[in-house]
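Here is a structure to read slowly, term by term. For each label, let us ask what earns it.

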Amino acid sequence: MENTPGDQREHTRTGMSIEALKRAFNDNLYYLQGRFYDVATLNDHYISAAYTVRDRLLERWIRSAQTYKENESRTVCYLSAEFLVGPHLGNNLINLGIMGKARQAAGEMGLDLDAILETEEEPGLGNGGLGRLAACYMDSLATLQIPAIGYGIRYEFGIFRQVIQDGWQVEITDAWLRNGNPWELPRPKLQFPVRFGGHTEHRQDEKGVYHAEWKPDLVVHGMAYDTPILGYGVNNVNLLRLWKAEASESFDFRAFNRGDYYGAVNAKVEAENISKILYPNDEPAVGKELRLKQQYFFVTCSLQDMLRLHLRYGKNLMTFHRKFAVQLNDTHPAIAVPELMRLFLDEHGMSWDDAWYVTRKTFGYTNHTLLPEALEVWPVWLFEKLLPRHLEIIYEINARFLDEVRVRFLGDEQRLARMSIIGEDGTRSVRMAHLACVGSHAINGVAALHTDLLRNTVLKDFHDLWPERFCNKTNGVTPRRFLLLSNPRLSALLSEVAGEEWVTDMSRLKALEPLAGDLAFGERWRAVKSAAKTDLANWLKESTGIVVDPQSLFSIQAKRFHEYKRQHLNILNIIHLYLRIKQGDTDGLVPRTFLFGGKAAPGYFLAKLIIKLINGVSEVVRSDPQTRELLNVVFVPNFNVKTAHRIYPAADLSEQISQAGKEASGTGNMKFAMNGALTIGTLDGANVEIREAVGHDNFFLFGHTVEEVVELQRKGYRPRDFYQEHDRLRETIDLIDSGLFSHGDQELFRPITGNLLNHDPFTALADFPSYVQCQNRVGDTYADPAGWTRMSILNVARIGKFSSDRAIREYCEEIWKVDPQPVSIEKVR
C-alpha cells in the first residue's frame with residue numbers, strides 16, 4: 001500500500017513501527033494470500049508475517065548489493081553441501097530488532113505470535129554439525145558486515161523426518177516445501193548448464209595450442225533460488241544462493257504423442273533427482289553416482305555464477321582470486337578445484353600455469369573429520385563415466401604435484417603413494433581430501449586438537465610439504481539464535497548484567513564472574529533454568545506423552561548417532577544406575593532424566609539398534625515403580641534446530657563423550673555451555689578448549705586421552721578383559737543380553753554387546769569405569785545447588801571464545817583477507 005500525499009506514516013513495506021507492521025501484515029494476508037480473517041489459517045498468518053519481514057530484508061538486501069558493487073568489495077563464497085539454517089521468522093525478527101514490536105502487533109490483531117512461529121517448517125537443507133556451522137557462519141558474516149554468498153543445493157526433501165515406532169527409528173519423507181517457502185526468491189533467468197558423461201576430444205590449433213572439448217551425454221540446468229541472510233543490528237544482508245536441478249527440455253512432445261507417457265517426462269525426472277533429496281543412500285552404485293552428481297552440480301553452478309559476476313564488469317580472470325575467497329566446507333565441494341580449472345582452460349582459454357595460479361589462490365579448505373571413512377574417495381570408473389574431462393585434469397594436477405613431491409623428498413616412493421590424489425590400493429580412486437589440499441592455499445582444522453591431529457596423522461605428509469598452509473580455526477556458534485532467540489529469559493538476565501552489547505561481543509559476559517558466588521543472583525539463575533526445564537517438560541508431555549520431573553537433573557546427549565559419539569556408553573551407565581537402584585544402592589543418587597536426540601543414517605544398522613536399545617531401557621525404567629522416581633529416559637524424535645531451541649536452554653548436563661581423537665570439534669558442546677549446562681566429556685575436539693576456557697574445576701573430565709587410546713590399541717586392546725575385571729560392567733552387559741529391554745528377546749541386542757566385547761573400536765568399555773566415577777561426581781555436585789549454579793554461571797561467563805563471530809574474524813584476517821563493508825539505508829519511506 002502506497003502512502004497518500006501528506007501521509008507521514010511509515011511506508012507499509014519498510015516501516016518498523018507497530019502500525020506499519022500491522023498494515024503490512026493485513027496487506028499480505030489480503031493481497032498475497034487472498035484471505036480474510038474469518039477463513040485464514042495459521043499457515044496463512046505465518047506466510048503473511050514472513051512476507052512482512054521479508055520486505056524489510058529486501059530493502060536492506062538491495063542496498064547491500066549496491067554497496068558491494070560500488071565498492072568492488074572482495075566477497076567470501078562459502079561452498080557447502082548443507083545449510084541447516086533453521087526457521088527464519090524468529091531469527092529475522094531478532095536481527096531486525098523488532099521481536100517486541102511484532103509480538104505487540106500480533107496481540108493487537110488478536111494473533112498468537114508464538115503459534116505463528118511454531119507453524120514454520122524447518123528447511124530440510126542440512127542434517128548435522130556441518131550444515132549448522134555453515135548457517136552460523138552465514139549469520140556471523142552478515143553481522144560482521146562481510147560481503148558473502150553461501151552456495152549450496154535447494155533440496156526438495158530433507159534427509160528424512162524421524163519417527164519412533166515400537167522403539168525403532170523409521171524414516172519418512174521430509175516434505176519441507178509442501179506449504180511453500182516465502183523466504184526464497186526464484187531466479188528463473190539465472191540458470192547454468194551442467195554436463196555429465198560422454199567423452200572428450202582433443203586438438204591443436206594452428207598455433208600449436210592444445211584444446212580439449214567435452215562432449216557430454218546429458219545436460220541439465222541449475223536454477224538459482226535466493227534467500228536473504230540478515231546480520232544482527234546492521235543493514236547488511238548477504239545472499240544464500242541454492243541451486244535446483246531442471247531438465248533442459250522438461251517435456252518430450254513427440255514421445256507423448258507416441259503414447260510413451262513415461263518417456264515424455266523421463267528427462268525431467270532424471271534431472272530433478274539431482275536436487276531431490278539431501279544425502280541419498282550411497283551404498284548402492286546408483287546412490288554413489290547421484291551423490292557425485294549432486295556435488296558437481298552445485299559446484300559448477302556456483303563457479304559459473306562467480307565468473308558471470310566477475311566478467312560482467314569487465315574484470316580480468318587473472319584477478320578472480322582477488323574478488324572471491326572461496327571456502328570448501330569439507331570435501332563435498334572439492335570437485336571445485338578441477339572444475340574451476342576446466343572453466344579457465346576450456347571455456348576461457350587460459351594457460352595451465354595461469355589457471356592453476358588463480359585456482360590455488362582462490363580456494364581454502366576446511367577439514368571436518370579424522371575418520372578415514374569420512375574422507376571422501378570416488379572410484380576412478382565413476383569419474384570416467386560422469387566427469388571424464390575432470391578426470392583428465394585431475395591426472396594432470398596429480399602428475400605435476402607428484403613431481404613437486406619427488407623433488408622435495410628424493411627417493412621416497414612410499415610418500416608418493418600416500419600423497420597421490422589417485423589411490424592405487426584396490427579399486428583405483430580419487431582422494432577428494434588430497435585434491436582439496438593440493439588445490440587450496442590454506443588448510444584448516446576446526447579445533448586445536450583436531451588441527452594438531454591433522455598435522456600429525458591424517459594430513460601429515462601434506463603438512464611436511466606445506467606447513468605454512470595449515471592453521472586452526474576453532475568452530476563457533478551464533479549467540480543470536482542459540483541464546484537471544486531460544487533462551488529469552490537467560491538473555492534478559494545477561495543483558496541486565498553485561499549490557500546488550502554481549503550479543504555481538506561475548507567477551508562482555510565476563511561481567512558475570514563476580515556474581516558467580518552471589519546467592520541472590522544464583523537464585524535468579526536457577527529460576528531461569530527451572531523455567532526452561534518446565535517448558536521442555538510440558539512440551540515433552542504434549543509431543544511424546546512422557547512425563548518428566550523438571551526438578552531432576554536433565555542430562556542430554558543430542559547429536560547424530562554414530563558409534564564414535566558413544567551413545568551406547570551413555571546407555572550403559574543408565575543401565576548401571578538402574579541396577580544400583582534395583583539393588584537398593586541409592587545413597588547419593590539424585591533424580592535424573594536422561595534425554596537423547598539425533599538421527600541414525602538409514603543404512604547404519606548398529607546406530608539404529610542403539611536407538612532401539614535406548615527406547616527399550618526407557619520403557620523399562622519408566623514402568624518400574626522401584627526406579628521411576630530416580631531415573632527417567634526419553635528419546636526425543638526428529639532432533640532439529642526447532643527442537644534444539646527447547647533442549648539447549650533446559651540442559652543441566654551436556655554429554656560430550658566421544659572417544660578422544662575422533663570428534664573434529666563439535667558445536668553442540670558450545671551451545672549447551674552457552675546456555676549454562678555443565679559438560680561431562682573426554683579430551684576430544686573443542687572439549688579441550690572449552691575446558692581450558694571455563695576452568696578445569698567447572699568441567700567433568702573422564703576417559704582415556706588420545707595418546708592413551710593409541711597406546712591401548714597398540715598393545716592389542718582386549719575389551720573383554722574390562723568386562724571380566726569390572727563387576728558393574730559385566731552385570732550391565734549381561735542384563736542387556738538377558739532380554740529385559742527387548743521383551744525377552746535375548747538375541748536382539750547381541751550385535752551391540754558382541755561388538756563391544758569382541759571389537760569395541762571406540763573403547764567404550766575401557767572408558768566405562770572412569771565415566772561411571774565421573775557421573776557419580778556429577779550427582780554429588782548437583783546435590784549442592786549453590787555450587788552447581790556457580791559452575792554454571794562461570795561456564796556462561798567464559799564461553800565467549802566460542803561465538804561464530806570470533807571464528808569468522810579469524811577466517812577474515814588470516815585466510816580470506818577481507819574487510820567489513822558497512823551498509824547504510826536511506827530514511828525509511
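Q: How do you know that β12, β14 and β13 belong to one sheet, and what is the sense of their pairing?
A: In this predicted model, the three strands form an open sheet in the order β12-β14-β13, and the pairing is antiparallel. Two strands count as paired if there are at least two bridges between them, and β12 and strand β14 (residues 429-431) pair over three bridges. One of the residues involved is V377, whose bridge partner in β14 is R431.

Q: What makes β12 and β13 edge strands?
A: Each of the two, β12 (377-379) and β13 (422-423), has a single partner strand, so one side of each is left without a neighbour in the sheet.

Q: What is the order of the nine strands in the open sheet with mixed pairing, and which of them stand at the edges?
A: The order is β5-β8-β9-β2-β1-β10-β11-β15-β16. The strands at the edges are β5 (185-196) and β16 (470-472), because each has a single partner strand and one side of each is left without a neighbour in the sheet. From one strand to the next, the twist averages 25 degrees.

Q: How do you know that β15 and β16 are paired, and in which sense?
A: Strand β15 (residues 442-445) shares three bridges with β16, in the parallel sense, and the requirement for a pair is at least two bridges. Within this pair, G445 stands opposite N472 in β16.

Q: Which strands does helix α6 touch as it packs on the sheet?
A: Helix α6 (residues 129-143) touches β1 (75-79), β2 (148-153), β8 (218-230), β9 (237-247) and β10 (324-329), and its direction makes about 55 degrees with that of β8. Helix α12 (residues 352-362) also packs on the sheet, touching β10 and β11 (363-366), with its direction at about 45 degrees to that of β11.

Q: Why is strand β18 called mostly covered?
A: A residue is buried if its relative accessible area is under 20%, and in β18 (residues 592-597) six of the six residues are buried. R592, F594 and F596 point one way from the strand while T593, L595 and G597 point the other way, and all are buried. Strand β17 (residues 553-558) pairs with β18 in the parallel sense over six bridges, and the bridge partner of Q557 in β18 is F596.

Q: Why are α29 and α30 called roughly antiparallel?
A: Helix α29 (residues 727-737) and helix α30 (residues 750-758) pack at an angle of about 150 degrees, with their axes 9 Å apart. Angles over 145 degrees count as roughly antiparallel, and α29 and α30 are therefore given that description. Their crossing is left-handed. In the contact, I733, I736 and D737 in α29 meet R750, T753 and L757 in α30, a set that divides into three nonpolar, one polar and two charged residues.

Q: Why are α23 and α30 called roughly perpendicular instead?
A: The axes of helix α23 (residues 605-623) and α30 come within 9 Å and cross at roughly 115 degrees. The range from 65 to 115 degrees counts as roughly perpendicular, and the description of α23 and α30 therefore follows. This crossing is left-handed.

Q: What kinds of residue make up the contact of α23 with α30?
A: F605, L606, L609, I610 and L613 in α23 meet P751, I752 and N755 in α30, and these residues divide into seven nonpolar, one polar and no charged.

Notes. Residues numbered from 1 in each chain as written. Predicted model: local features only at pLDDT ≥ 70, side-chain atom pairs only at ≥ 80, totals over all residues. Heavy atoms only, no water. Helix = DSSP H or I, 4+ residues; strand = E, 2+ residues; numbered from the N terminus. Axes fitted to C-alpha atoms, helices over the stretch in contact; angles between N-to-C directions. Parallel < 35°, antiparallel > 145°, perpendicular 65-115°, else oblique. Left-handed = near helix turned anticlockwise from the far one by under 90°. Contact = heavy atoms within 4.5 Å. Nonpolar A, V, L, I, M, F, W, Y, C, P; charged D, E, K, R; others polar. Buried < 20%, exposed > 50% of the residue type's maximum accessible area, 1.4 Å probe, protein only.
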